[in-house]
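Trainee: I have a model open and a list of things to ask. Can we go through it step by step?
Mentor: Yes, bring it up.

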Amino acid sequence: MAIWFARSRNLVSSLRQNLGLSAILIKRNYTSPRPVFTNYQLSSRVFLNPFTSFRHESTAVETQPDLVQQSDHEDDAQELDFPGGKVGYTSEMKFIPESSSRRIPCYRVLNEHGSIIPNSDHVPVSEKLAVRMYEQMATLQVMDHIFYEAQRQGRISFYLTSVGEEAINIASAAALSPEDVVLPQYREPGVLLWRGFTLEEFANQCFGNKADYGKGRQMPIHYGSNQHNYFTVSSPIATQLPQAAGVGYALKMEKKNACAVTFIGDGGTSEGDFHAGLNFAAVMEAPVVFICRNNGWAISTHISEQFRSDGIVVKGQAYGIRSIRVDGNDALAVYSAVRSAREMAVTEQRPVLIEMMTYRVGHHSTSDDSTKYREADEIQYWKMSRNPVNRFKKWVEDNGWWSEEDESKLRSSTRKQLLQAIQAAEKWEKQPLTELFNDVYDVKTKNLEEQEHGLKELVEKQPQDYPPGFHI
Amino acid sequence: MASLLSRFCRKVAVPGSAHGARMVSTTTSCGSETVKSLNLYSAINQALHIALETDPRSYVFGEDVGFGGVFRCTTGLAERFGKNRVFNTPLCEQGIVGFGIGLAAMGNRAVVEIQFADYIYPAFDQIVNEAAKFRYRSGNQFNCGGLTIRAPYGAVGHGGHYHSQSPEAFFCHVPGIKVVIPRSPREAKGLLLSSIRDPNPVVFFEPKWLYRQAVEEVPEHDYMIPLSEAEVIREGNDITLVGWGAQLTVMEQACLDAEKEGISCELIDLKTLLPWDKETVEASVKKTGRLLISHEAPVTGGFGAEISATILERCFLKLEAPVSRVCGLDTPFPLVFEPFYMPTKNKILDAIKSTVNY
């Protein structure tokens, strides 16, 4: 453990250098006179009163970032006291520009050809771990493919894939501890897969049969497992974010060596709950890792229609939250970033924000045909040339840890297992009718008892009105 | 306003365990328990002290609760239990409730405060789509039963649109939560403790008009009043009146006036609106043959409609007259027009008479 922390400090400081950002990324000391703004280039035009010409203030990259503060030794005379704390003042009217001229760069470890970029910061991944990660990424691909087809065949009512986001799913899960509580959005079944949820268990939920832990109450892909510390998926977007802040706070109060980890898409960051969740986590100093899968699309809404900021990573600072942008298609980068973020969250009892850049290769869901709003070429490009599974596979293969034989064995056995799981789930007994009425409250209330009684009579009298197989 | 109904020694539950074990109703004489004259906010404050005292995994938070709250319901809690358990939150109702759901989902009791019921709507998604369905949708793998949402509601004389609302009807339409409204300090303490300890998320509306106005003898010990049990607080034979919260005071005055004119009124405090005690109301209406419901919230779509429809189904042949609803008007809650908007004693009295003389 001690070794990891030492490395992490080095990792963290070299991260700082490599990404070329100032001190704010890692350590913010409010008492020091050092400024806390990033290296913004102020190219705003300052309009003074109409009787003076406007000053066109265009600055190249400043060597000192404190463009809105006076120099150090003038500090004492030039500070103002406000409820929020001391703040320097300036007589120059400068607007912080709406965007930095340089976007926050994206942390990556593997290049597109699956080789580790020399001198990159990363947490080493053993052969055992790497092989497991790859196997799970491939399993997720097969699972997505087969369940998608099952929906097309009318065997399940709905499905949504994580195609293109396998690295985010698996590598982030691999970087967490089993005690970390996960609050997903809905495109993270790989996290549950990593934690040990079986293909049969996935199938049972999709079919809503008697073995489904959710008791058939929700649409497919709304998985949940208390055993695996994976909160049940709910369709409303971003509602899990303030809940994650509460979960993190609970873990902190219990002094657990664990954090809350919650996922959101690019679209979800527009919801009010995103603001609520991040702000609460920051104010309450809750150990939460917020992972945003920026995959470019919220159903048919491209990110250019979603926000005008430099993505999501820049929003972290607005809440006082440490943030990083990561190449979400690079399994090693995802793994390293999530590991680091998780350690920070737990040891420093603070939230961390990770924006993972990726692409949603699949349609939003089986109810969507994304060729209606984006080019088939674009989809194809990301599917083939920017495929996270292939990229990681290359690295694993180059290390001599994986062969084509392993590949075909894995794919065929997983496929077989899935088909069997689907067949079994399809035939499995249905939920008894009483489960319609249980769990609304901890104990069935009188009105529900009456309604259950009434329904049972109805079903017995006119069974042809109702689908068969639901035992009374 | 006079203290409410303290002349009656009514049924109170014996103190239940901290984990909400089954409560038993017994009648006790008012003299045998240590009681103290308290107003509503003090009674609520006492309940919160007891809740935090008896369960170390309970939390109280919301806007401004740290210094005691804008209605002083949370006085002394932060000093006594510490800022880790009693704290201010950012000004964000959806965050307050969402955070509370997260805490509750981890097995804690989260007693959250929404500063005015008028501001509960940003949290509506979290309450309806998340809290109410948390247990059901997970197949009982997860639950947020430890969540209790407290909010002051109702007319206060000068509150206008945004400090007077009675939004209970919205929440009564949501399977999975409970809605509880106390009528007095003594009731509030027992009902709040029950709500906090109930293993389901509860929305607890407190009649802000009564925070200072209502004073009652409140037992000092830890006691709970059962949820989903309505109470006949005044017996009568000619007509049944059903209400909740501050409105019961007004209804009681109408009952007294009606009695002078020879009409015997039975008055029921519903206490829990969801799930509500249909049996008690049904039994009463089968006896009297007449029903009048009164609430401050606008009449259209108000909870009175649910009571009316249910009683009609169950007591149709026993009814001597249509069910009467004396409620707020179908307008946003007005400021200068409040005395015209409100379901006043005389409006109720008129309705009692016309129902009896139908």
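Trainee: Which residues of chain B does the UniProt annotation "domain: Transketolase-like pyrimidine-binding" cover?
Mentor: Keep in mind that this is a predicted model. The annotation comes from an unreviewed UniProt entry. In the model, the stretch it covers is 37% helix and 18% strand, with its end C-alpha atoms 10 Å apart. The range in the record is residues 38-213 of chain B.

Trainee: How far apart are the end C-alpha atoms over residues 136-431 of chain A?
Mentor: UniProt places "domain: Dehydrogenase E1 component" there, again from an unreviewed entry. The chain over that range is 46% helix and 11% strand. Its end C-alpha atoms are separated by 30 Å.

Trainee: How many salt bridges does a search of the whole structure find?
Mentor: The search runs over all chains. A pair counts when a side-chain nitrogen of Lys or Arg is within 4 Å of a carboxyl oxygen of Asp or Glu. The total is 55.

Trainee: How many residues apart are Arg386(A) and Glu112(A)?
Mentor: They form a salt bridge, with the closest N and O atoms 3.1 Å apart. Arg386(A) sits in the loop between helix 10 and helix 11 of chain A, and Glu112(A) in the loop between strand 4 and helix 2. The pair links distant parts of the chain, and the separation is 274 residues.

Trainee: Are those two partners buried, exposed or partly exposed?
Mentor: Buried requires under 20% relative accessible area, and exposed over 50%. Arg386(A) has 23%. Glu112(A) has 27%. Each therefore counts as partly exposed.

Trainee: Are Arg360(A) and Asp368(A) buried or exposed?
Mentor: Their side chains meet in a salt bridge, at 3.7 Å from N to O. As for their cover, both residues are buried.

Trainee: In chain B, which helix holds both Lys260(B) and Asp257(B)?
Mentor: The two form a salt bridge, with the closest N and O atoms 3.5 Å apart. Lys260(B) is exposed at 70% relative accessible area, whereas Asp257(B) is buried at 18%. They lie 3 residues apart, about one turn, in helix 9 of chain B.

Trainee: Where do the buried residues of helix 13 of chain A lie around its axis?
Mentor: Helix 13 spans residues 446-461 and reaches 23 Å, close to the expected 22 Å. Its buried residues are Leu448(A), Glu452(A) and Val459(A). Seen down the axis, these fall within an arc of 40 degrees, so they line one face of the helix.

Trainee: Which exposed residues does the face turned away from the buried side of helix 13 of chain A carry?
Mentor: Start from the buried side, made of Leu448(A), Glu452(A) and Val459(A). Then look at the face turned away from it. There you find Lys446(A), His453(A) and Lys461(A).

Trainee: How many residues of helix 3 of chain B are buried?
Mentor: This helix runs over residues 93-105 and reaches 18 Å, close to the 18 Å expected. Gly107(B), with a positive phi near 90 degrees, follows it. Helix 3 is mostly covered, and the buried count is 13 of its 13 residues.

Trainee: What is the accessible area of the nonpolar surface patch with Val87(A)?
Mentor: Val87(A) is found in strand 4 of chain A. At 41% relative accessibility, it is partly exposed. The patch also holds Leu80(A), Phe82(A) and Tyr89(A), and together they have about 340 Å².

Trainee: What is omega for the peptide bond that joins Leu274(B) and Pro275(B)?
Mentor: Pro275(B) is in the loop between strand 14 and helix 10 of chain B. The bond is cis, with omega about -10 degrees.

Trainee: Is Ile221(A) buried or exposed?
Mentor: Ile221(A) has a positive phi of about 70 degrees although it is not a glycine. Its place is the loop between helix 5 and helix 6 of chain A. The relative accessible area is 2%, under the 20% cut-off, so Ile221(A) is buried.

Technical notes
Residues are numbered from 1 along each chain as its sequence is written. Chains are lettered from A and ligands numbered from 1 in the order in which they are written. This is a predicted model: local features need pLDDT of at least 70, side-chain atom pairs count only at pLDDT 80 or more; totals for chains, interfaces and linings use all residues. Side-chain values use heavy atoms; hydrogens and water are left out. Helices (H or I, at least four residues) and strands (E, at least two) are DSSP runs, numbered from the N terminus. Buried means under 20% relative accessible area, exposed over 50%, partly exposed in between (1.4 Å probe, protein chains only). The expected span of a helix is 1.5 Å times one less than its number of residues. The arc is that of the directions from the helix axis to the C-beta atoms. UniProt positions are given in the numbering used here, feature names are shortened, and annotations may be inferred rather than shown by experiment. Patches are made of residues with over 30% relative accessible area and no salt bridge: like charges are joined within 9 Å, nonpolar side chains (Val, Leu, Ile, Met, Phe, Trp, Tyr) within 5 Å. Accessible areas come from the Shrake-Rupley method with a 1.4 Å probe; for residues, only the protein chains shown count as cover.
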